[in-house]
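Please look over the sequence and the model shown here before reading the report.

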Amino acid sequence: MGVHRHWLGDPLSIGLFREAYQVPANVEVRPDGPDDGISYSDDWMPFWLVSVVEGRVRFPLHPLLRDCLREWGLSPCQLLPNGYKIIMGVVRLNEILSINLGVPDIEEAYDLCKSAEGHTYYLRLRVHRTAFVTALEDSYKYAGEDRVFVRGAWEFGEAESSTTARIP
């Protein structure tokens, strides 16, 4: 159990989680359970809890985050938490500096690498490149492997077209 698990411990905590991380009413939230593997049943999609708490992932997903997952052919729980921090850090840089960095800019600075166990991926800074986001954790041993499962309008905002390609 990780340091952020308290956000999903009971219905009151889940309500506080929804409020603190701006989860809209049309997105259902539940913690992972003992029988939840890396599978997507009943339209529930797992995200690393630390990606929401520390990585600034919000629902519905930011278009840049969706574009990255779609371009790389990843489902949300395949990208490790630091990858989310990098992508959402780029989103924040775009907001602060009024610029428009996108997937090609991230790919110019970072390589998408498969982890040793083979089912998760991370972003590694390319040689002789400058990191967009710094001070990332080397390990998530304290964050644990807790996941939050979401269902409903977690992927697209109300103003977005339902014909937009979905992430895997």
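The report below goes from the overall fold to one helix, then to backbone geometry in loops, and ends with a surface patch.

## Overall architecture

The model is a predicted one, and its chain has a secondary structure of five helices and five strands. Read along the sequence, these elements follow the pattern α-β-β-α-α-α-α-β-β-β.

Of the 168 residues in the chain, 45% count as buried, while the accessible surface comes to about 9200 Å², with 51% of that area belonging to carbon and sulfur atoms. When contacts between residues at least 6 apart in sequence are considered, 67% of them join residues that are at least 24 apart.

## Helix H3 and its surroundings

Helix H3, which covers residues 63-72, has buried positions at Leu-64, Leu-65, Arg-66, Cys-68, Leu-69 and Trp-72, so that an arginine is listed there alongside leucine, cysteine and tryptophan residues, each of them under 20% relative accessible area. The buried residues of H3 pack against two helices, H4 and H5, and against two strands, S3 (110-114) and S4 (121-125). After H3 comes Gly-73, whose phi is positive, near 70°.

## Backbone geometry in the loops

The loop between helix H2 (49-53) and H3 holds Pro-60, and the peptide bond that joins Phe-59 and Pro-60 is cis, with omega at about -5°. Arg-56 is also placed in the loop between H2 and H3, and its phi is near 70°, a positive value in a residue other than glycine. Arg-56 counts as partly exposed because its relative accessibility is 41%, a value between the cut-offs of 20% for buried and 50% for exposed.

His-128 is likewise not a glycine and has a positive phi, of about 65°; its place is in the loop between S4 and strand S5 (147-152). With a relative accessibility of 77%, His-128 counts as exposed, because the cut-off for that class is over 50%.

## A nonpolar patch at the surface

Ile-96, Leu-97 and Ile-99 together make a nonpolar surface patch of about 280 Å². Ile-99 lies in the loop between helix H4 (81-97) and helix H5 (103-109), and H4 and H5 are among the elements against which the buried residues of H3 pack.

Ile-99 has a relative accessibility of 36% and therefore counts as partly exposed; patch residues need over 30% relative accessible area, which is why a partly exposed residue with this value can belong to the patch.

Technical notes:
Residues are numbered from 1 along each chain as its sequence is written. This is a predicted model: local features need pLDDT of at least 70, side-chain atom pairs count only at pLDDT 80 or more; totals for chains, interfaces and linings use all residues. Side-chain values use heavy atoms; hydrogens and water are left out. Patches are made of residues with over 30% relative accessible area and no salt bridge: like charges are joined within 9 Å, nonpolar side chains (Val, Leu, Ile, Met, Phe, Trp, Tyr) within 5 Å. Accessible areas come from the Shrake-Rupley method with a 1.4 Å probe; for residues, only the protein chains shown count as cover. A salt bridge is a side-chain nitrogen of Lys or Arg within 4 Å of a carboxyl oxygen of Asp or Glu. Helices (H or I, at least four residues) and strands (E, at least two) are DSSP runs, numbered from the N terminus. Buried means under 20% relative accessible area, exposed over 50%, partly exposed in between (1.4 Å probe, protein chains only). Contact means heavy atoms within 4.5 Å.
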